[in-house]
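Here is a friendly walk through one protein model, with the sequence and the coordinates at your side. Take a look at both, and then let us go through the parts one at a time.

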Amino acid sequence: MTKKTLGLDNPVYDYLLSVSLREPNILQQLRDETAHLPMAMMQISPEQGQFMALLVQLLGATKTLDIGVFTGYSSLCVALALPPKGEIVACDVSEEYTAIARRYWDAAGVANKIDLRLAPALETLDKLLAAGQDETFDFAFIDADKANYEKYYERSLQLIRPGGLIAIDNVLWSGKVADSQVQDNQTNSIRAFNEKLYHDQRVTLSLVPIADGLTLALKR
């Protein structure tokens, strides 16, 4: 995992941020607080958050999924980009980390847009499908345990509408996916997932080299 875009040295990365990042103070405050946590590397980069907000606006999204909340940076980026009646179903299992997220959602005035489900994400997604919510979502962001990426993707594909977008984080995995000497379970899971999506004709695909790699899958 990485908190900035792979392959950019510090001067280039700093320049990128200086001429493009328009991060609201509330997002910077959340990022700063998260940086002191033991699992801070799970935080997405600010340029990725801004990019996702742009995608949501381009889609005209009103209903989205956030699979893997952590301290709430990605969901806050999306919530700020959604219209007043927009909705995010946010999936996580951590009371501790999502308590931080809730504070910042409240402070930003977007808590009313976010429906936090504290349960295993697969359980939440299956409940949404059982409730007849297939093809009602515009956008899904997947950034949770890598072993279940394929299952999250398949359920998200059912839940989003044709023309909706799924964004999947960490698909370059700090470059480990390209190193044949690395054969741990998480890396191999991401490799297999990337291969699956490459051959999946149900979507239009692009792997964007922002942050730790972000795959975009547009449902046909």
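Why does Cys91 form no bond with its closest cysteine? The closest cysteine sulfur to that of Cys91 belongs to Cys77, and because 17 Å lies between the two, they are too far apart for a bond. Please keep in mind that this is a predicted model, so every value here is computed from it. A disulfide is counted when two cysteine sulfur atoms are within 2.5 Å, and by that rule the count is zero disulfides. Cys77 is accordingly in no disulfide, its nearest cysteine sulfur being that of Cys91, 17 Å away.

Are these two cysteines buried or exposed? Cys77 has a relative accessibility of 5% and therefore counts as buried. Cys91 has a value of 1%, so Cys91 counts as buried too.

**The nonpolar cores**

Next comes the nonpolar interior. The largest nonpolar core has 34 residues, and Leu76, Trp105 and Phe139 are those with the most contacts inside it. Which helix gives this core its largest share? That is helix α4, residues 73-81, with six residues. Apart from this core lies another one, made of 26 residues, including Ile67, Leu125, Phe193 and Val203.

Leu76 is a good residue to click on if you want to see who touches whom. Leaving out residues up to four places away in sequence, Leu76 is in contact with Ile26, Leu27, Leu30, Tyr104, Trp105, Ala108 and Val110. Trp105, one of these partners, is also among the residues with the most contacts inside the largest core.

**Thr98 in its helix**

Thr98 is part of helix α5, which spans residues 95-108. Is Thr98 buried or exposed? Its relative accessible area is 1%, and because buried means under 20%, Thr98 is buried. With residues up to four places away in sequence set aside, Thr98 touches Val69, Phe70, Asp92, Leu116 and Leu118.

**A closed cavity**

How many cavities of 30 Å³ or more does the structure hold? There is one, and the largest cavity has a volume of about 70 Å³. Its lining is made up of Met42, Gln43, Ile44, Gly68, Val69, Phe70, Thr71, Gly72, Tyr73, Ser74 and Asp143. By class, that lining has five nonpolar, five polar and one charged residues. Val69 and Phe70, both in this lining, are also touched by Thr98.

Gln43, another of the lining residues, lies in the loop between α2 (25-34) and α3 (46-59). Gln43 has a relative accessible area of 6% and so is buried. For a sense of scale, Gln43 and Asn185 are 142 residues apart along the chain, and 22 Å separates their C-alpha atoms.

**Two open pockets**

The two pockets are set side by side here.

| Pocket | Volume | Lining classes |
|---|---|---|
| Largest | about 420 Å³ | 17 nonpolar, eight polar, six charged |
| Second largest | about 200 Å³ | 10 nonpolar, three polar, two charged |

The largest pocket is lined by 31 residues, and nearest its centre lie Met42, Gly68, Asp143, Ala144 and Asp145. Met42, Gly68 and Asp143 also appear in the lining of the largest cavity. Strand β2 (87-92) and helix α6 (121-130) each supply at least two residues of the lining of the largest pocket.

The second largest pocket has 15 lining residues, of which Arg22, Pro24, Gln50, Ala53 and Cys77 are closest to its centre. So Cys77, buried at 5% relative accessibility, returns here as a lining residue. Helices α3 and α4 each supply at least two residues of this lining, and α3 gives the largest share, six residues.

**Two positive phi angles**

Most residues other than glycine have a negative phi. Which residue has a positive phi of about 65° although it is not a glycine? Asn170 does, and Asn170 is found in the loop between β5 (160-169) and α8 (185-198). With a relative accessible area of 3%, Asn170 is buried. Trp173 also has a positive phi, near 50°, and is not a glycine either. Its place is in the loop between β5 and α8, and at 7% relative accessibility Trp173 counts as buried.

How values were computed. Residues numbered from 1 in each chain as written. Predicted model: local features only at pLDDT ≥ 70, side-chain atom pairs only at ≥ 80, totals over all residues. Heavy atoms only, no water. Core = buried A, V, L, I, M, F, W, Y, C linked by side-chain atoms within 4.5 Å. Buried < 20%, exposed > 50% of the residue type's maximum accessible area, 1.4 Å probe, protein only. Helix = DSSP H or I, 4+ residues; strand = E, 2+ residues; numbered from the N terminus. Contact = heavy atoms within 4.5 Å. 1 Å grid on protein atoms, 1.4 Å probe; cavity = no way out; pocket = protein on both sides within 12 Å on 5 of 7 lines; lining within 4 Å. Points joined across faces, edges and corners; volume = space filled by probe spheres on them. Nonpolar A, V, L, I, M, F, W, Y, C, P; charged D, E, K, R; others polar.
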